[in-house]
Amino acid sequence: MQEIIEQARKLGQMIAANERTKALKEMEKALDSDQQAQELLQEYQKQAEHIEKLEMSGSPIEVSDKHKMRDLEQQMALNQTLKNITAKQVDFVELMNKVKSEIDAQIQK
């Protein structure tokens, strides 16, 4: 088992050194310094939670709530930092899916 753990550690180091991982980490730092992007994300999260609570309680979702959510989504789509981090997240997830797929393929043999 120790050998598997050591190989997993090496794989983790390789993933950390990969350009996709580095690019994602750089974008996370950019997000930390973009106050507008952070505020948009927080407001979106707050609105999403509000709508979820309404749905869970069976209460109607007001048109104004739907409009606010749509407006926040549009603002987020226009924010360059959020666009960039989303693209880097997609790249990273693709890498991780390929890694997992290869591991799964080896286990299935």
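**Close-ups of salt bridges and a nonpolar patch**

Glu 6 sits in the partly exposed class, with a relative accessibility of 30%. Everything in these close-ups comes from a predicted model, so treat the distances as computed values.

**View 1. Arg 9 pairs up with Glu 6 in a salt bridge.** The N to O distance here is 2.5 Å. Both residues belong to helix α1, which covers residues 2-17. They are 3 residues apart, so about one helical turn separates them. Like its partner, which comes in at 30%, Arg 9 is partly exposed, in this case at 42% relative accessibility.

**View 2. Arg 70 and Asp 71 make a salt bridge between their side chains.** Have a look at the N to O distance, which is 3.2 Å. How accessible are the two partners? Asp 71 has a relative accessible area of 31%, which puts it in the partly exposed class. Arg 70 is also partly exposed, at 39%.

**View 3. Lys 100 reaches Asp 104 through a salt bridge in helix α5.** The N to O distance is 2.6 Å. Helix α5 runs over residues 80-108, and the two partners are 4 residues apart in it, or about one turn of the helix. Lys 100 is partly exposed, with 48% relative accessibility. Asp 104 falls in the partly exposed class too, with a relative accessible area of 29%. Elsewhere in the salt-bridge set, Arg 20, Glu 94 and Lys 98 are tied into one network by salt bridges that share partners. As for the overall tally, the model has 7 salt bridges, including the pairs Arg 9 with Glu 6, Arg 70 with Asp 71, and Lys 100 with Asp 104.

**View 4. Four nonpolar residues make a patch on the surface.** Which residues build it? They are Leu 11, Met 14, Ile 103 and Ile 107, and together they offer about 400 Å² of accessible area. Two helices share the job: α1 and α5 each supply at least two residues of the patch. Ile 103 is one of the patch members, and it lies in helix α5. With a relative accessibility of 41%, Ile 103 counts as partly exposed. That figure clears the over 30% cut-off that patch residues have to meet.

Terms used. Residues are numbered from 1 along each chain as its sequence is written. This is a predicted model: local features need pLDDT of at least 70, side-chain atom pairs count only at pLDDT 80 or more; totals for chains, interfaces and linings use all residues. Side-chain values use heavy atoms; hydrogens and water are left out. Buried means under 20% relative accessible area, exposed over 50%, partly exposed in between (1.4 Å probe, protein chains only). Patches are made of residues with over 30% relative accessible area and no salt bridge: like charges are joined within 9 Å, nonpolar side chains (Val, Leu, Ile, Met, Phe, Trp, Tyr) within 5 Å. Accessible areas come from the Shrake-Rupley method with a 1.4 Å probe; for residues, only the protein chains shown count as cover.
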